[in-house]
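Welcome, and thank you for joining this tour. Please open your viewer and get ready to select a few things along the way.

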Amino acid sequence: MNYFKESLLQLLGRDPTRPTEEDKSPEVKIIHFRKKGEKYDREAVQKEHADHDSKKWLRRRWITLILVNLLFVLSYALDIQLLEGALTASRFFGFHMADLNSALQVTLAYKHMLINLVIGTATIFILWFLLGGRTFCSWVCPYHILSEWTEWLHLKFVEKGWVKDHDFHRGTRTVLYFIFALLAFFTGYTVYEAISPTGIVSRALIYGPGLILLWVGFILLIELLYSRRFWCRYACPIGLTYGLVGQISPLRVIYTVDNCHHEGECRKVCLVPHVLDTVIKGKATDTEVPIGADCTRCGLCIDACPTNSLKYNFKGLNKLL
Amino acid sequence: MSKKKLSKPLAEKARRRFLRSLGLGAAVIGSSLVGFYPVLTQSAPRLRPPGALKEQEYLASCIKCGQCVQVCPVEAILLGDLEDGMGAGAAHIDARVQGCDFSCDGLQCVLACPTGALSHDTDYPHQIHIGVARIDKPKLCLAMQGKGFKGKVRDPSFTGKFRYNEIDRWNPIPVRDRDFDLEICDLCVIHCPIEIRIAQCDAGKPPSGDTNQCPPQHAIELRPMVSSDGIKRLEPIILDGCVGCGACEMVCPTEPAAIVVDMESILAEG
């Protein structure tokens, strides 16, 4: 199973495949063999985690997310015309930008594409292609941060036994993606845009709150009481759109198997833990494995890892330098 | 991938998850379809900003970014909320709160629109069709009663703005900053942006020095009424040049407004 196909199928909702022995490189086989003989020192690993406690990328990401959204808000509030519009479509110093999923919905519904929208869509495509696709989700989407805070509370509730977490099939998002695309095309209305928490929260921040925030509150309530991060994981078509961009993006998280303890802390903090299937002992197909397209490049796993086995990587940049 | 038969509890778990996922999908799609209700029943009809395409095309193409909101000098443009359904986040105008007075001259909202929901084929104010004004409450109309108007327009909560060329060529000011003293009320006519433009053109000073800005048709005029009681009454007559900007509805001093703007989309359906 090659990386491209595996990454794409996981993005669309299939469970990770168990790599066969033929899939693995001779080098990684040596490492796996070596690790088989090693004893897992639970206490030492726990201590390593306790000493590590890093929030470097979390801090950077939250600051970025807040700054980007604040830039939208201040541009309008102070009339400085830096970043006009909302996340669905905007102008940065007069240069058009358009959210890829919003642009897709409008194009399918309206069946025309104005040059401004073409420019805006191309700009945003190139931007997120360079930055990793679903990077949009964790570094920019204002719903994401609300959802992250709700998730923190949800996990507390689960710990206390007040609520139970329910998962869904990840393919649900792919099915919804096609249904929303078909609805836009056949009804001529941008159906998803009407319920998109990303657009709703972005507009509420910039133009003031409305009753429609009740819908966002309702989704958050379900995430709190019923299913961890269900909107981002199983429903949001924006995530799939940017995931497809991330599929071909050079910026991703890369896993180095050598020093990994395989304790699985990274998978616990991950929004999309299936992409980290490769960190399970014996599963890595090479000494270095790039993490798949569904990864939001949020860096929580990088923060969680005490052995530096997970890192950001820009494909080809190391060779260039 | 090897197909192993799942153990009974695992199979049950998978079955439950499948049903849950089906439920989730149906709930998300179902919720999104609720948005069709206000659109199909027209429970919240809206005036759209200048240059807006036909209602259905408009809602198809509006990307809900609010760039038109940001450029409007009189802040006439609002965004739809929950009650607008599919129109949530799409731009509209509430003429009574703030009409479009074209004080931007160049139809800035149209220029700002990234998708062409506000059609870029629109260049001049007289080309737009937001709606058409209509005398909704003739009995309230001061001119039709032969009455004048003195003082400030509407109640203190009214925040509407208008650009008065004779006061400030560039900046709109609150309408309530002005005191009027009219022998017979003609507020709707003196605030009509189309009539103002025609007057400028007639005086040889078209807006921005561009004769293309001159509207070809009048929008509103006051005509003397025949009355038996000897009182001099005037009736506002809406003419073909009316674009539905809503300035007249905004400044109409009666409560409710004697003159209102009807939506183009509803007019089209008769």
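At what angle do H8(A) and H11(A) pack, and how far apart are their axes? Select both helices, residues 142–160 and 197–207 of chain A. Keep in mind as you look that this is a predicted model. The two helices pack at an angle of about 100°, and their axes are 7 Å apart. Angles of 65 to 115 degrees count as roughly perpendicular, and H8(A) and H11(A) are therefore roughly perpendicular to each other.

Now show the side chains where they meet. From H8(A), pick A:Pro142, A:Tyr143 and A:Leu146; they meet A:Pro197, A:Thr198, A:Val201, A:Ser202 and A:Leu205 of H11(A). Colour this contact by residue type and you will find 6 nonpolar residues, 2 polar ones and no charged ones.

**Next stop: helix H4 of chain A**

Select residues 56–77 of chain A, which form helix H4. This helix has 22 residues and reaches 31 Å from its first C-alpha to its last, close to the 32 Å expected at 1.5 Å a residue. Which residues of H4(A) are buried? They are A:Arg61, A:Asn69, A:Phe72, A:Ser75 and A:Tyr76.

To see what covers these buried residues, bring back H8(A) and H11(A), and add strand S1 (83–86) and helix H7 (135–139) of chain A. The cover also includes H4 of chain B. Before you leave, click on A:Asp79, just after H4(A): this residue takes a positive phi of about 55°.

**Next stop: helix H5 of chain A**

Move on to residues 100–110 of chain A, helix H5. Here 11 of the 11 residues are buried, so H5(A) is largely enclosed by the rest of the structure. Among them are A:Ser102, A:Ala103, A:Gln105 and A:Val106. Just after this helix, A:Lys111 takes a positive phi of about 65°.

Keep H5(A) in view and add helix H14, residues 237–247 of chain A. The axes of these two helices come within 8 Å and cross at roughly 105°. H5(A) and H14(A) are therefore roughly perpendicular to each other. On the H5(A) side, the contact is made by A:Leu100, A:Asn101 and A:Leu104, while H14(A) brings A:Pro237, A:Ile238, A:Thr241 and A:Tyr242. The residues of this contact divide into 5 nonpolar, 2 polar and no charged.

**Next stop: a sheet in chain A**

Select strands S4, S5 and S6 of chain A, an open sheet with the order S5-S4-S6 and antiparallel pairing. Which strands are at the edges? They are S5 (288–290) and S6 (310–314), each of which pairs on one side only. Turn the view to follow the twist: neighbouring strands of this sheet are turned by 35° against each other on average, direction ignored.

Now zoom in on S4, residues 251–256, which pairs with S6(A) over 5 bridges in the antiparallel sense. For one example, label A:Tyr255, whose bridge partner in S6(A) is A:Leu310.

**Last stop: where the chains meet**

Finally, show both chains together. On the chain B side, 34 residues are in contact with 45 residues of chain A. Select helix H1 (8–34), helix H3 (55–61) and helix H4 (67–71) of chain B, the elements that give two or more residues to the side touching chain A. Which of them gives the most? H1(B) does, with 10 residues. Colour this side of chain B by type to see 15 nonpolar, 14 polar and 5 charged residues.

Key
Residues numbered from 1 in each chain as written. Chains lettered and ligands numbered in written order. Predicted model: local features only at pLDDT ≥ 70, side-chain atom pairs only at ≥ 80, totals over all residues. Pairing = 2+ DSSP bridges. Helix = DSSP H or I, 4+ residues; strand = E, 2+ residues; numbered from the N terminus. Axes fitted to C-alpha atoms, helices over the stretch in contact; angles between N-to-C directions. Parallel < 35°, antiparallel > 145°, perpendicular 65-115°, else oblique. Contact = placed C-beta atoms within 7 Å. Nonpolar A, V, L, I, M, F, W, Y, C, P; charged D, E, K, R; others polar. Expected span 1.5 Å × (residues − 1). Buried ≥ 20, exposed ≤ 12 C-beta atoms within 10 Å, placed from the backbone.
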